[in-house]
Structure formats: structure tokens, C-alpha cells
Amino acid sequence: MALSATLFLTACGGGDDGGDKATGPIVVGISLPLTGDFSEPGKGVQEGYEAWAKITNDKGGLLGRQIELKILDDQSNADRVVADYEQLIGSDQVDLVVGPFSTRLVVPSARVAQEYGMLFVEPAGAAAEVFNQGFKNLFYAAPAVADDHYNHLAEYLLALPAGQKPTTVAYAAMDDPFAQGTAYGLKKKLEAGGVKTVVDEVYPPNTTDFGSIAAKIAAAKPDMVVGGSQYQDGVNLIVALQQLNYQPKLAAFSTAPTNPEFAKAIGNKTEGILSPTGYSQDAPYASNKEFVEKFKAQFGQAPEEDQANGYTTGQVVGAAVEAAGCAEQGECQQKLIDWLHSNTVETVVGPLKWDATGKPQGAHMIQQWVGDDIKIVLPADAKEADLVYPKPAW
């Protein structure tokens, strides 16, 4: 049996390392995909959680107690993530839990948390199926669900004059609820606006050869290509399209373009590529400046969206704990859940509030590579640069 990696961010300064629940550390249990298909974003979320714990601990912790993280590696496996949360809640008796990365792992782990009556704030389960399960304890700590990530882009494209708007689009999406949700949320809106779908491909998460999918797209010559991607699959598809010299007027990929390794991976031919994002390092929210500065000091580089999602999850849980005045299993958990259902939390991605299903009530911004940097281009009131359309050749 593969061993879980167990990591601890222990209390530092203040607090009591003893077993007194009133003064000892608040232990937060987490399972993350540190290996396997989702390891790249999983490690980013881990850094976000660690930054939240350190920044909070340096300011005195929560309720005067230090935060201790206990992190297990679920190996990107749904069965493993269930076992991890059973262990964390049932055996280890952690005080709080927060979620993993990926809808595939969030849904089964949220069921475990619900069985134990635990609050479950999560950073990356954005697909519609997360919010159709009847969870009363779950809250997604981001501005919008997957289907709504491209709302601003759809509105922009459909408002273009008839001679300028794209008329045909190709879609290629990983067989993953989040990845498909982002691509098909845009597809539904564009089709309703009269934009024709000419390619619609779904591929397994372990796909590495995108030659045949790229060939179908290139042959159809659509005005626009949309990739419902994580990181490596998005890179591989773009490289395959480059090799065929297919030049779309617009290209949008979920997740991949925000990764710090993206530009190098596709030969630094990023100009004009779009991606939805729930986070900007330059966002004016009160806690964001502190987050960026202290994250750089801790990790040596600026945070990206995955790190921000982990940090935001911590902020949401922390706000509930401070408001409810407790952090332990039992009746406290319902107090935390009830408070979040009726309040707004200020975070590094802006103010967050939720409906009864735990769905956030916002929309993602749209980023585009402009020159050698990625800039917010939509919506108009948040933009850092004008959207470039049609995109330059890659």
C-alpha cells in the first residue's frame, strides 16, 4: 500500500503545545493531490494553505490559538481521499477540515465531512455536480462556479458587430467535471448566441497524445478554439495545434495559461491566449497586498490562482471561527456553517457570499497574455489592458 505523505505546519510562537483544547493548537485536516494527475495544482493549493496558516499564526492565530495543518496525500485518487478524511475526522479528531483540489475529489470528501457534521470549505470544486448533491455544509471559496467562468467573455464576443464576432468554435475538454464545466458553460452561451460548434472532443485525464484531436480542429478551421483543460493537457494540445500551424482568431484555455511554467512550455508563444481567473495579484482588496508580500517572503515568488484559492479557503474558515468563537468537532461545526450561510467574507479574491447550496454568487475575470505578461481584460471595470482580438499567431 502506498504511504500517505503527512506534513505538519506546527504552532510557532504563542499558544500551548499541550492537549488543552482551549489553548492548544487548532488542528486543520486536509487531503491534497500531491502526487498523481492533479499534483501540480494540488501543490499550489498546499502553499496557499501554508501561507494562510503562517500569516494567521504570526498575528496571534485564531481565538488566540495557533493553527496546525495536517496534510495527507490522496494521490489524486477518489477512494484515497475518502479514506484520508475518515482518518482525519474519525481517528485523528482534527478540529476543522478544508477541501482538496478537483471536483473529482471534492464531492466524495464532502460526503465524508457531511456524515460527521463538519464544515467543509473547499478551494477547487467548481463543477455543477458539486452543488447538486444537497450538501448543507459545503462552501466553494472562489468568485464563481465552472459554468460561469467565461460569462464576461461570452458577453463580450456576442456583443461584437456581425462581421467581427467568431462564427465557429472548436471545443476540446478533459473528461473532468471542472474542465468540461468551464468549456461547456461557454459553449452553451455562444451556441445560444448563434455561434456554431464544429468540433466537440472529450478526452481522458491521462491523455498525452493530442495529435488526432489537433488534426480535427485544424481541419475544421474554426475561428476560435476552447480548451477545457488542467495544466499539462492544455500545454500538449496547444503544442499539437502549433505543429499543424492552425491559427485561431481566439484561443481560451482554463487553468493552464495561469501556471508560471506555461509560457516556457509552449515556446513563449503566448500572445493573445485567454483564461478565466478568480484572482489577480494586483487586486485592490484589503488583504491581498499583505498576502502577496508575505507569500513572496515565504516562498520566493508571487502567488498564482491555485495558491490564492487555498489562502481564500483559509480566510473563509478563519472568519467563521472568529465569528462563532469556537473551533472543534461537535455543535461548533453547525455554528460555523450557519454563520457562513448568512454572512459575507472579505477575501483576497473579493467579498464572497453563497447560496443555500454553497455556490458563490459572482463571476470570474478574463485574463489574456499581452506581450510577456498576463493581464485582466474583462470586465471593463477591472481591466488592466484591452482585449486583443484577433490574437497574433502562435
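The UniProt annotation "domain: Leucine-binding protein", which comes from an unreviewed entry, covers residues 25-370. Keep in mind as you look around that this is a predicted model. Over residues 25-370 the chain is 41% helix and 18% strand, and the C-alpha atoms at the two ends of that stretch are 45 Å apart.

Let's start on the inside. Nonpolar side chains tend to be buried together in soluble globular proteins. Here the largest nonpolar core has 71 residues, and the ones with the most contacts inside it are Ile-30, Leu-69 and Leu-340. Click on Ile-30 to see what that looks like. Leaving aside residues up to four places away in sequence, Ile-30 touches Tyr-49, Leu-69, Lys-70, Ile-71, Leu-72, Tyr-85, Leu-88, Val-98 and Gly-99. Apart from this core lies another one, of 29 residues. Ala-172, Met-174, Ala-214 and Ile-273 are among the members of that other core.

Now pick out a single helix, α7, which runs over residues 232-243. How far does α7 reach from its first C-alpha to its last? The answer is 17 Å for its twelve residues, close to the 16 Å expected at 1.5 Å a residue. Nine of those twelve residues are buried, so α7 is largely enclosed by the rest of the structure. The buried ones include Val-235, Leu-237, Ile-238 and Leu-241, but also Asp-233, Asn-236 and Gln-242. Just after α7 you'll meet Asn-245, which takes a positive phi of about 55 degrees.

Asn-245 has some company. Leu-63 sits in the loop between α1 (39-58) and β3, and its phi is near 55 degrees, a positive value in a residue other than glycine. Lys-221, in the loop between α6 and β9, also has a positive phi, near 50 degrees. As for accessibility, Leu-63 counts as partly exposed at 31%, while Lys-221 counts as exposed at 65%.

Next, charges. Side chains of opposite charge can pair when their charged atoms come close. How many salt bridges does the structure hold? There are twelve. Take the one where the side chains of Asp-92 and Lys-70 meet, with N to O at 2.8 Å. Asp-92 lies in the loop between α2 (78-91) and β4 (96-97) and Lys-70 in strand β3 (residues 67-73), so this pair ties together parts that are 22 residues apart in sequence. Asp-92 is partly exposed, at 29% relative accessibility, whereas Lys-70 is buried, at 14%. You've seen Lys-70 already, by the way: it was on the list of residues that Ile-30 touches.

Another salt bridge is formed by Lys-249 and Asp-223, whose closest N and O atoms are 4.0 Å apart. Lys-249 lies in the loop between α7 and β10 (250-253), and Asp-223 in the loop between α6 (211-220) and β9 (224-228), so here the tie is between parts 26 residues apart in sequence. Which partner is buried and which is partly exposed? Asp-223 is the buried one, with a relative accessible area of 14%, and Lys-249 is partly exposed, with 41%.

A third example stays inside one helix. The side chains of Glu-290 and Lys-294 meet at 3.0 Å, N to O. An α-helix has 3.6 residues a turn, so residues three or four places apart point the same way. Glu-290 and Lys-294 are four residues apart in helix α9 (residues 286-299), which means they are separated by about one helical turn. Both of them count as partly exposed, Glu-290 at 22% relative accessibility and Lys-294 at 35%. Lys-59 joins in too: Lys-59, Glu-290 and Lys-294 are linked in a network of salt bridges.

There's a covalent link to find as well. The count comes to one disulfide, and it joins Cys-326 to Cys-332 with the sulfurs 2.1 Å apart. The link is right-handed, with 95 degrees about the S-S bond. Both Cys-326 and Cys-332 are buried.

Finally, follow the chain to the segment after β15 (373-378), where you'll find Pro-379. A cis peptide bond joins Leu-378 and Pro-379, with omega about 0 degrees. Pro-390 lies in the segment after β15 too, and the peptide bond from Tyr-389 to Pro-390 is also cis, with omega near 0 degrees.

Methods: Residues numbered from 1 in each chain as written. Predicted model: local features only at pLDDT ≥ 70, side-chain atom pairs only at ≥ 80, totals over all residues. Heavy atoms only, no water. Expected span 1.5 Å × (residues − 1). Buried < 20%, exposed > 50% of the residue type's maximum accessible area, 1.4 Å probe, protein only. Disulfide = S-S within 2.5 Å. Core = buried A, V, L, I, M, F, W, Y, C linked by side-chain atoms within 4.5 Å. Contact = heavy atoms within 4.5 Å. UniProt positions renumbered as here; feature names shortened; annotations may be inferred.
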